[in-house]
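I opened this notebook to record, entry by entry, what I looked up in the structure.

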Amino acid sequence: MSKFRLTLARRRGEQIAFQHGFDRFPVNPFSIAENEDILVEAKEPGVEGVSGCIVFNDDGVGIIYATDIRSEGFRRFTVAHELGHYFLDGHPEEILKTAPVHFSRAGFTQGDSSIEVEADHFASGLLMPSRLVRESLYTASVGLSGIRCLAQDAECSLTASAIRAAECAPYPMAVIVSRGEHVAYGFLSESFKKFGRLRFLRKGDPLPETATRTFNRSPANVRDRRETCGETTAERWFAGPQVALDEEIVGLGRYGFTLTVLTAENLTEDLGEEEDEEQKLVESWTPKFAYGR
């Protein structure tokens with residue numbers, strides 16, 4: 001899955017948010033669905049691990065989200081994810097090749113399906129448009145505290161907010177989600193990547209010997225949503241330079257995952273830096289996909 005396509009999906013989400021009149025937080029995906037005459041219902045999950053589904057039939061389009069999801073932020077993300085399947089170019093056609101009902105496991109946890117990953121990025125753009133995220137980060141503290149402020153402003157889960165913060169942060173930030181001794185996924189801010197040549201952590205990679213790995217050795221830390229913090233380096237995590245980093249860690253509860261936020265506050269960069277060539281290319285292509293259904 002190319003970064004270009006994911007950026008297009010995220011930009012499409014931002015466009016839909018603004019087209020529906022959301023120029024400040026929070027963006028309401030239920031309201032957008034209603035404006036599109038999409039029926040949204042909450043039901044008990046019929047399949048284990050399924051967060052929601054979208055249904056295309058002759059009577060219209062419907063979205064169902066699972067009621068076993070306790071987090072209101074994750075419910076909102078699930079509905080936004082299903083809206084991605086509705087709005088993103090080619091998704092309805094791809095889904096209807098096999099069946100009128102498509103089940104999803106929203107939340108940046110699945111890397112096997114391109115349309116699922118694209119729908120996740122659409123959802124993050126819809127609920128947390130870049131401009132609004134940057135405005136929130138500008139007025140908040142660096143690191144986990146700022147992410148919590150963003151989650152509160154956007155009414156999104158801590159994990160989704162952390163990922164979006166890493167994508168938009170004006171300062172070096174890395175977000176890693178792990179389970180046990182292994183990495184689930186990670187995101188780096190553009191300014192973090194400027195540290196130099198880094199070994200990017202991929203799904204299934206072993207965690208380096210860090211405070212996060214020590215934290216994960218106690219299941220109670222994760223289950224009880226405990227927190228800790230310490231100091232580390234880019235060299236230890238990414239085989240990069242000896243740049244000092246703050247390492248903030250929080251358990252994510254019964255799902256068994258841990259969120260780690262790495263920041264370098266003393267290396268803050270200006271948000272207004274020029275877009276890279278890829279971003280310019282995305283801008284040039286975006287109008288071609290900016291149509292509604």
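**Entry 1: strand 6 and its partner.** I began with strand 6 in this predicted model, asking how many of its seven residues are buried. I found six of the seven buried, so strand 6 is largely enclosed by the rest of the structure. I then looked up its pairing, and six bridges join strand 6 to strand 5, with the two running antiparallel. As one example of a bridge, I noted valine 175, whose partner in strand 6 is phenylalanine 187. Two residues lie between the strands of this hairpin, and I saw that glycine 180 takes a positive phi near 65 degrees there.

**Entry 2: the sheet around strand 6.** I traced the sheet outward and found five strands in the order 6-5-9-8-7, forming an open sheet with antiparallel pairing. Strand 6 (182-188) and strand 7 (227-233) are the edge strands, each pairing on one side only. Leaving direction aside, I noted that neighbouring strands of this sheet are turned by 20 degrees against each other on average. Within the sheet I also looked up strand 8, residues 244-251, and strand 9, residues 258-263, which pair in the antiparallel sense over six bridges. Here valine 250 has leucine 259 of strand 9 as its bridge partner. I wrote down as background that strands of a sheet pair through backbone hydrogen bonds, either parallel or antiparallel.

**Entry 3: a helix across the sheet.** I checked what lies against these strands and found helix 8 (residues 158-168), which lies across strand 5 (173-179), strand 6, strand 8 and strand 9. Helix 8 runs at about 145 degrees to strand 5.

**Entry 4: cysteine 229.** I moved to the edge strand 7, where cysteine 229 is found, and asked whether cysteine 229 counts as buried or exposed. Its relative accessibility is 60%, and because exposed means over 50%, cysteine 229 counts as exposed. Leaving aside neighbours within four places in sequence, I found cysteine 229 in contact with Glu247 and Glu248. Although cysteine 229 and glutamate 248 are 19 residues apart along the chain, their C-alpha atoms are separated by 4.4 Å.

**Entry 5: asparagine 221.** I next looked at helix 11 (residues 219-223), which holds asparagine 221. This asparagine 221 has a relative accessible area of 14% and is buried. I asked which residues asparagine 221 touches, not counting those up to four places away in sequence, and the list is Phe215, Arg226 and Gly251. For phenylalanine 215 I could add a distance, since its backbone oxygen lies 2.9 Å from a polar atom of the side chain of asparagine 221.

**Entry 6: the other open sheet.** I then turned to an open sheet of four strands in the order 1-3-2-4, and noted that its pairing is mixed. The edge strands are strand 1 (39-43) and strand 4 (101-104), each pairing on one side only, and the twist averages 20 degrees from one strand to the next. Strand 2 (residues 52-57) and strand 3 (residues 60-66) run antiparallel and are joined by six bridges, with asparagine 57 opposite glycine 60 in strand 3.

**Entry 7: histidine 102.** I stopped at histidine 102, which lies in strand 4 and is buried, with a relative accessible area of 16%. Its side chain is joined to that of glutamate 116 by a polar contact of 2.4 Å. Beyond residues up to four places away in sequence, I found that histidine 102 touches several others, among them Gly52, Cys53, His85 and Ile115.

**Entry 8: the nonpolar cores.** I looked up the largest nonpolar core, which has 53 residues, and noted that Ile32, Leu83, Leu126, Met128, Met173 and Leu259 touch the most other members. The largest share of this core, seven residues, comes from helix 8. A second, separate core has 15 residues, including Ala174, Ile176, Phe195 and Leu262.

**Entry 9: the whole protein.** I closed with the totals, and counted 13 helices and nine strands in the protein. Of its 293 residues, 52% count as buried. The accessible surface comes to about 13,900 Å², with 49% belonging to carbon and sulfur atoms.

Conventions: Residues are numbered from 1 along each chain as its sequence is written. This is a predicted model: local features need pLDDT of at least 70, side-chain atom pairs count only at pLDDT 80 or more; totals for chains, interfaces and linings use all residues. Side-chain values use heavy atoms; hydrogens and water are left out. Two strands pair if DSSP finds at least two bridges between them. Axes are lines fitted to C-alpha atoms, for helices over the stretch in contact, and angles run from 0 to 180 degrees between N-to-C directions. Contact means heavy atoms within 4.5 Å. Buried means under 20% relative accessible area, exposed over 50%, partly exposed in between (1.4 Å probe, protein chains only). A polar contact is a pair of N or O atoms within 3.5 Å; within protein, one must be able to donate a hydrogen and the other to accept it, and residues adjacent in sequence count only if both atoms are side-chain atoms. Accessible areas come from the Shrake-Rupley method with a 1.4 Å probe; for residues, only the protein chains shown count as cover. A nonpolar core is a set of buried Ala, Val, Leu, Ile, Met, Phe, Trp, Tyr and Cys residues joined through side-chain atoms within 4.5 Å.
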